[in-house]
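Here are some exercises to work through at your own pace, with the structure open beside you. Try each task before you read its solution.

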Amino acid sequence: MRNLHQRPARTFAGVRFVLTDMDETLTYQGRLSAATYQALEDLQQAGIRVIPVTAAPAGWCDQMARMWPVDGVIGENGGFFFRRDGQHGLARSFWHGDYTAAVMQQLLDKGEGIRRRIAAATLADDQPFRQTSLAFARNSDAGLERELAAAMREAGLDVTVNNLWVLGWIGGYDKLAAARKVLEEEYAVGETQAQETLAYSGDSLNDAPMFAHYRHTVGVSTVRQCAGQLPKAPAWITENPGGAGFVEFAQAILEDRHS
């Protein structure tokens, strides 16, 4: 990973889409700063489409898609895409379509089985607001987290870990698969075009598919905590963590476009 401020001139000049993780990439220690929110708005006002790609629950993503200066939100690690529809409406597209509710019930049933098997397992406090995923709260017990992830895989779930959750879902997708689907279906952007016009920022293991696939990738500084576990590290790294790092990323894009 190279320092973002050492990039060649016009590295991001062709960027038209900014996709980004949310937890500890847009936020820092659980908070969204005014400067980060302003950076999102600055990108949008420059004509860049901004789409958070997050493991956060549907309840959070609903509010983000309605009220934040973003063009939509891919949530629960790819389970859906929410975007504004008019001034107050919301258009929702789910990976499982009409079968979403049935799949969610399967997840809840599997979650109950895991909780009976692992007494210390605790569902995330945002689980009631999820529509496509099963989330267990992370804690300081690495052994418990490994046991949880193993139990979820044994139950037939796809599994990833981020800053807050051990997350499970059904369907074989991930952030990358969902992003490619949204780009193609919503914006008619194919693979070749995306490699030139998309930039991604993140900081955790569930960002790995995005870091590995896209050309323009940036890790906020806290990505160092998991860098050794990433199959491919992001191309660039910011000096600051969380939202302050995202501000660096946004400023770099705007500088390169205007140069």
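## Exercise 1: The enclosed space

Helix H5 supplies the largest share of the lining of the largest cavity, 5 residues. Keep in mind throughout that this is a predicted model.

**Task.** Find out which residues lie nearest the centre of the largest cavity, and which elements give two or more residues to its lining.

**Solution.**
- Step 1: Count the cavities. The structure holds 1 cavity of 30 Å³ or more, and about 110 Å³ of space lies in the largest cavity.
- Step 2: Go to the centre. Of the 13 lining residues, those nearest the centre are Phe80, Phe81, Ser93, Lys181 and Val182.
- Step 3: Assign the elements. Strand E5 (80-85), strand E6 (89-94) and helix H5 (175-187) each give two or more residues to this lining.
- Step 4: Sort by class. The lining has 7 nonpolar, 3 polar and 3 charged residues.

## Exercise 2: A tryptophan in a loop

**Task.** Decide whether tryptophan 95 is buried, partly exposed or exposed, and list what it touches.

**Solution.**
- Step 1: Locate the residue. Tryptophan 95 sits in the loop between E6 and H3.
- Step 2: Apply the cut-offs. Buried means under 20% relative accessible area and exposed means over 50%. Tryptophan 95 has a relative accessible area of 30%, so it is partly exposed.
- Step 3: List the contacts. Leaving aside residues up to four places away in sequence, tryptophan 95 touches Gly78, Gly79, Phe80, Gly171, Tyr173, Ala177, Ala178 and Lys181.
- Step 4: Look at one partner. Phenylalanine 80 is 15 residues away along the chain, yet its C-alpha atom is separated from that of tryptophan 95 by 5.6 Å.
- Step 5: Link back to Exercise 1. Phe80 and Lys181, both touched by tryptophan 95, are among the residues nearest the centre of the largest cavity.

## Exercise 3: A sheet and its helices

**Task.** Work out the strand order of the open sheet that contains E7, then place helices H3 and H4 against its strands.

**Solution.**
- Step 1: Order the strands. The 3 strands run E7-E9-E8, with antiparallel pairing.
- Step 2: Find the edges. Strand E7 (134-137) and strand E8 (158-161) each pair on one side only. On average, neighbouring strands are turned by 20 degrees against each other, direction ignored.
- Step 3: Examine one pair. E7 and strand E9 (residues 165-169) are joined by 4 bridges, and alanine 135 stands opposite leucine 167 in E9.
- Step 4: Add the helices. Helix H3 (residues 100-117) lies across E7 and E9, at about 30 degrees to E7. Helix H4 (residues 142-154) touches E7, E8 and E9, and its direction makes about 5 degrees with that of E9.

## Exercise 4: Two pockets and a helix

**Task.** Set out the volumes and linings of the largest and second largest pockets, then follow Met64 into helix H2.

**Solution.**
- Step 1: Take the largest pocket. About 290 Å³ of space lies in it, and of its 15 lining residues the closest to the centre are Arg138, Val161, Asn162, Leu205 and Gln229. Helix H4 gives the largest share of this lining, 4 residues.
- Step 2: Take the second largest pocket. Its volume is about 180 Å³, and its lining includes Trp60, Met64 and Trp68. By class, that lining has 6 nonpolar, 2 polar and 2 charged residues.
- Step 3: Follow Met64. In helix H2 (residues 58-67), Met64 is buried along with Ala58, Cys61, Asp62 and Ala65.
- Step 4: Identify the cover. The buried residues of H2 are covered by elements including strand E3 (49-52), strand E4 (73-75), E5 and E6.

Conventions:
Residues are numbered from 1 along each chain as its sequence is written. This is a predicted model: local features need pLDDT of at least 70, side-chain atom pairs count only at pLDDT 80 or more; totals for chains, interfaces and linings use all residues. Side-chain values use heavy atoms; hydrogens and water are left out. On a 1 Å grid over the protein atoms alone, a cavity is a set of points where a 1.4 Å probe fits but cannot get out, and a pocket is an open set with protein on both sides within 12 Å along at least five of seven lines; lining residues have an atom within 4 Å of a point. Grid points are joined across faces, edges and corners, and a volume is the space filled by probe spheres set on the points. Ala, Val, Leu, Ile, Met, Phe, Trp, Tyr, Cys and Pro count as nonpolar, Asp, Glu, Lys and Arg as charged, and the others, Gly among them, as polar. Two strands pair if DSSP finds at least two bridges between them. Axes are lines fitted to C-alpha atoms, for helices over the stretch in contact, and angles run from 0 to 180 degrees between N-to-C directions. Contact means heavy atoms within 4.5 Å. Buried means under 20% relative accessible area, exposed over 50%, partly exposed in between (1.4 Å probe, protein chains only).
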